[in-house]
Structures are given as structure tokens and as C-alpha cells.
Amino acid sequence: MVDYCLSFLNMEKAGFSERISDEEFFSEPCTILSENGNFYVSAVPEILPELKKIENFFSDESLEKIYNLSEKYLKDRGFSIDKHISIIRCFDLTGVRGCETEAVLLKGCEEDALFSDLPYLVSKGPVFGILKDERVVSLAGAVLKDGVYNVHIETAPSERKKGYAKACLLALCNYLYKENARILYECRSENTASVSTVAGVGGTEVCSYVRFIGRK
């Protein structure tokens, strides 16, 4: 699963590697992935030498330094960078299964109390949801990409902390288990609710990463 994450981040399994990042409206001067204490760093040649001097890439001090290096690189080229730095945690849900839940396989025509585009999600892969008063209040869906199902979880704010997300996720995992599918879930490190939900069903954290991205 780590190799899959490296692939979609356009990274090599090497300590340091150079990347070409600039496109017309998008630039990614630096991406860092951590696996079991090992760091893989991919960056443009202009900032890579400075990154090689850093030891603990995910410390607050290091992230601030990397942000500043990336910001200067991007500003010089007319890009702007998000002020918020988030470490993304990646969990492997392959092989997870549990008891049957109240979540049902959605068809995409149900009334949606969430902010998702339910018909679109259902068109991309299986989606399980919890219905309350005939409206979907929580869901977990998966989109297949390069042989791995990437999971999306969403619950209406008024219905959180009721176990609905866990029920939807377990139903989805049970469904995909029959397909012998590989399953990945990503969330921001500060999203403690999602971390708790995924860990609670038996998900295994395999790596984490941070991306520094600029846009015009």
C-alpha cells in the first residue's frame, strides 16, 4: 500500500529525489512521505539541498521551514500557497470486516442530508449509508483507482458521535471483502474523529505525507 501512495504522489522510494512540478495553474515543489520512521522526500532542485539538512521533517519547526522554502519558490513563479499545513494519515483497510450493520447499499436516488453529490458517488463505486426519516445522514463510499479502493466518509453534523460512520464503513468493508479488494482511507491528522473511526474498525496506519502545493 505504501508503494501505491508513493505512486499517486509521483514519488520514488528513495530518501531524496528531484521532481519537475510546474504546470500552467498548478505547482507542487515538495512532497514528503513517512513510513515507519523513514522519510521519502521529493522536491524541486531549487530547494532540495536545504531539505537534505533536515532530520525530523514532521516537527513543527521543520514544517515551517519547508513551507517558507516552498512559498518563496512558488511566489517567484506567480503561484499562491495555502497557509494551512496538514499531515495526511493513510490507513489500510484491506481485509477488514465486522458484524452486519444498519447501513444499506445506496442507489443514488435517495434524499441526501449531506453536502455530497450522492448520484456521482454511486456512479463511481459502492456507497453504504444510514437513512433517518428517509434521508441519508451518513455514508461511506469507495472509488477504484489503480487497483485500490479509496474510501470517502461523510456524516451530517447533527448526526455525528452516534456510530453511524463506523456502521457505514464496516458495511462497505464487508462488501469489498467479498471482492478481495485493497482498501485505502486518508484523512488529515487533526481529524481525530475519522482517525478514531478507522482505527476502531481495525484499519492499520501505513504511512503519512504532507504536500506543499501552489495554484494560480
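**Exposed turns, strand pairing and nonpolar cores in a predicted model**

At 67% relative accessibility, Glu 134 counts as exposed, because that value lies over the 50% cut-off. The structure described here is a predicted model, and Glu 134 is placed in its loop between strand 8 (127-132) and strand 9 (135-145). The phi angle of Glu 134 is near 65°, a positive value in a residue other than glycine. Strand 8 and strand 9 form a hairpin with two residues between them, and Asp 133, also in the turn, has a positive phi of about 55°.

Asn 180 offers a further case of this kind. Its phi is near 55°, again positive in a residue other than glycine, and its place is the loop between helix 5 (164-177) and strand 11 (182-188). With a relative accessible area of 70%, Asn 180 is exposed.

As a whole, the protein chain contains six helices and 12 strands. Its C-alpha atoms fill a box of roughly 55 × 35 × 30 Å when taken along the principal axes, and 50% of its 216 residues count as buried. Among the contacts in the chain with a separation of 6 or more, 67% are accounted for by residues 24 or more positions apart. One pair far apart in sequence is Ser 80 and Ile 213, which are separated by 133 residues in sequence and by 8.4 Å in space, C-alpha to C-alpha. Ser 80 is found in strand 4 (residues 80-81) and, when residues up to four places away in sequence are not counted, touches Ile 213, Gly 214 and Arg 215.

The strand pairing can be followed from strand 8 outwards. Strand 8 pairs with strand 6 (residues 104-105) in the antiparallel sense over two bridges, and within this pairing Leu 105 stands opposite Phe 128 of strand 8. Strand 8 also pairs with strand 9 in the antiparallel sense, here over six bridges; Leu 131 stands opposite Val 136 in strand 9, while the bridge partner of Val 127 in strand 9 is Gly 141.

Strand 9 takes part in further pairings. Two bridges join it to strand 7 (residues 111-112), and these two strands run parallel, with Arg 135 in strand 9 as the bridge partner of Glu 111. Eight bridges join strand 9 to strand 10, and this pair runs antiparallel; the bridge partner of Ser 138 in strand 10 is Thr 155. Strand 9 and strand 10 form a hairpin with two residues between them, in whose turn Asp 146 has a positive phi of about 50°.

In soluble globular proteins, nonpolar side chains tend to be buried together. In the present model, the largest nonpolar core has 29 residues, and those with the most contacts inside it are Leu 93, Val 151, Ile 153 and Leu 169. Strand 8, strand 9, strand 10 (148-155), helix 5, strand 11 and helix 6 (192-200) each supply at least two residues of this core, and helix 5 gives the most, with 10 residues. When neighbours within four places in sequence are left aside, Ile 153 is in contact with Leu 139, Ala 140, Ala 165, Leu 169, Tyr 185 and Val 198. A second, separate core of 21 residues includes Val 41, Leu 48, Leu 63 and Ile 81.

Two packed helices are described by the angle between their axes and the distance between the axes. For helix 5 and helix 6, the axes come within 10 Å and cross at roughly 45°, which means that helix 5 is oblique to helix 6. The crossing of these two helices is right-handed. At their interface, Ala 165, Lys 166 and Leu 169 in helix 5 meet Thr 197, Val 198 and Gly 200 in helix 6.

Thr 197, a residue of helix 6, illustrates this meeting of helices in more detail. With residues up to four places away in sequence not counted, Thr 197 touches Ala 165, Lys 166 and Leu 169. Its relative accessibility is 17%, so Thr 197 counts as buried, the cut-off being under 20%.

Terms used. Residues are numbered from 1 along each chain as its sequence is written. This is a predicted model: local features need pLDDT of at least 70, side-chain atom pairs count only at pLDDT 80 or more; totals for chains, interfaces and linings use all residues. Side-chain values use heavy atoms; hydrogens and water are left out. Helices (H or I, at least four residues) and strands (E, at least two) are DSSP runs, numbered from the N terminus. Buried means under 20% relative accessible area, exposed over 50%, partly exposed in between (1.4 Å probe, protein chains only). Two strands pair if DSSP finds at least two bridges between them. A nonpolar core is a set of buried Ala, Val, Leu, Ile, Met, Phe, Trp, Tyr and Cys residues joined through side-chain atoms within 4.5 Å. Contact means heavy atoms within 4.5 Å. Axes are lines fitted to C-alpha atoms, for helices over the stretch in contact, and angles run from 0 to 180 degrees between N-to-C directions. Angles under 35 degrees count as roughly parallel, over 145 as roughly antiparallel, 65 to 115 as roughly perpendicular and the rest as oblique. A crossing is left-handed if the near helix is turned anticlockwise from the far one by less than a right angle, and right-handed if clockwise.
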